[in-house]
Amino acid sequence: MPKANETVLEIDLGALTQNFNYLKSKLQPNTKFLAVVKAFAYGSDSVEIAKHLEKLEVDYLAVAYTKEGVVLRDAGITTPILVLHPQPVNFKTIIEYCLEPSIYNVKVLKAFIKVAEEQKQNNYPVHIKFNTGLNRLGFWESDVDYIASKLKATRSIMAKSIFSHLAASEDLNEIEFTNRQIESFKTTAKSFEDQLGYRPWLHMCNTSGVINYPEAHLDMVRCGIGLYGFGNSAEEDKMLKPVASLKSVISQIHMIEKGETVGYNRAYTAKGFEKTATIPIGHADGIGRQYGNKKGFVFINGKKAPIIGNVCMDMIMVNITHIDCNEGDEVIIFDANNKASDLAESANTISYEILTAISQRVKRYFYN
Ligand SMILES: *Cc1c(COP(=O)(O)O)cnc(C)c1O
């Protein structure tokens, strides 16, 4: 790997393969695998990641918004794509691009049936979402009769799957709550099947669900973060490999005297003679202001350098008084060893947030 000479996000497709195989090894052989590639595949690149997953013969893909699915179809992805959070305004596009909507309330159900009928569709696959305790999106168990009657009254759509989402699958203090979600989903699914006369696929596990609740794998699982190398627990993290490495370079080194200040609003004051490095990555690249003022850090020549002062739009300054380094040297913001989850923790957030924040102006570089 050549050293970074500008800000780059390196994507290790070999690590993606490894994570995919590891997660698959947790499943029964006939359990299907849906890969979640929303938000630019957790900040990496949805097209490249989806192409790679297609080569690995993933069964399904999921995105959050319709537009994300359109991008994948335009790039030639042919795997079925579930759109987790579509709006009625997107329904014509959904059908035009062969995307499959999550149907999460009565309004969306009626609107999709209307568009599917207008478009003369026959058994168009949809995925019915049930709320079992997250209280975010989805029908209630008591809606089953209504949904079944609407489905029976039209030939335009069919329930390819019914699904739910766990609220705290990574939290082992919430096993009881999660078990209640699983039971409630199974009951709903049973009554849905009985009413409908056919059996849609069932799915409710995200990455931590795959790891912690094998009895809830059902017909398919939906993995996001695990594919990108994070498992929500130290033990699982050992088995997974972060796919993305964010690297940059030292643009300039400054020697400053005691009492001098660094950056906007003079937020940092040197305690003595100090050395700082300016790095071309800022809040517009995804390193939010919450990482400033010694919360966040980077690595230079294997040593940790805290971010000092406020994060600028296009730059951060770090303290390198204790580090032997030069202008042009590589800077690691995170990689497979210096984990994004540790940096995220320094500012009280999680790997999901720091990964998905990496903005599109950061160059992506893929290797296998
Ligand atoms: C994002 C998302 C997932 C993936 O969750 P991970 O924790 O990243 O594995 C699965 N299902 C739904 C409904 C989601 O929104």
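Two strands are taken as paired if DSSP finds at least two bridges between them. The structure analysed here is a predicted model. In this model, strand β6 (residues 124-129) and strand β7 (residues 157-163) run parallel and are joined by six bridges. Within this pair, Val-126 of the one strand faces Ala-159 in β7. Both strands belong to a closed barrel of eight strands, in the order β2-β3-β4-β5-β6-β7-β8-β9, in which the pairing is parallel. On average, neighbouring strands of this sheet are turned by 30° against each other, direction ignored.

A further sheet is open and contains nine strands, ordered β11-β14-β17-β16-β15-β18-β10-β1-β19, with mixed pairing. Its edges are formed by β11 (252-256) and β19 (363-367); each of these has a single partner strand, so one side of each is left without a neighbour in the sheet. From one strand to the next, the twist averages 35°. An antiparallel pair in the open sheet is made by strand β10 (residues 244-249) and strand β18 (residues 330-334), which are connected over four bridges. Here Ser-248 is the residue opposite Val-331 in β18. Helix α1 (residues 13-25) lies across two strands of the open sheet, β1 (8-12) and β19, and runs at about 45° to β1.

The domain assignment divides the chain into domain 1, covering residues 13-231, and domain 2, covering residues 244-367. Taken over C-alpha atoms, the centres of domain 1 and domain 2 are separated by 37 Å. Eleven residues from domain 1 and twelve residues from domain 2 take part in the contact between them.

The ligand is surrounded by 13 residues, of which Lys-38, Tyr-42, Thr-207, Ile-225 and Tyr-352 come nearest. Polar atoms of the ligand lie close to several side chains. For Tyr-42, the separation between an N or O atom of the side chain and an oxygen atom of the ligand is 2.5 Å. The side chain of Tyr-352 likewise places an N or O atom 2.7 Å from an oxygen atom of the ligand. In the case of Arg-222, the ligand atom concerned is a nitrogen, at 2.9 Å from an N or O atom of the side chain. The ligand taken alone exposes 390 Å², and 93% of that area is buried by the protein.

Key
Residues numbered from 1 in each chain as written. Predicted model: local features only at pLDDT ≥ 70, side-chain atom pairs only at ≥ 80, totals over all residues. Heavy atoms only, no water. Axes fitted to C-alpha atoms, helices over the stretch in contact; angles between N-to-C directions. Contact = heavy atoms within 4.5 Å. Near = heavy atom within 4 Å. Polar contact = N/O pair within 3.5 Å; in protein donor to acceptor, adjacent residues only side chain to side chain. Areas by Shrake-Rupley, 256 points an atom, 1.4 Å probe, with all protein chains shown as cover. Domains from an automatic or database assignment.
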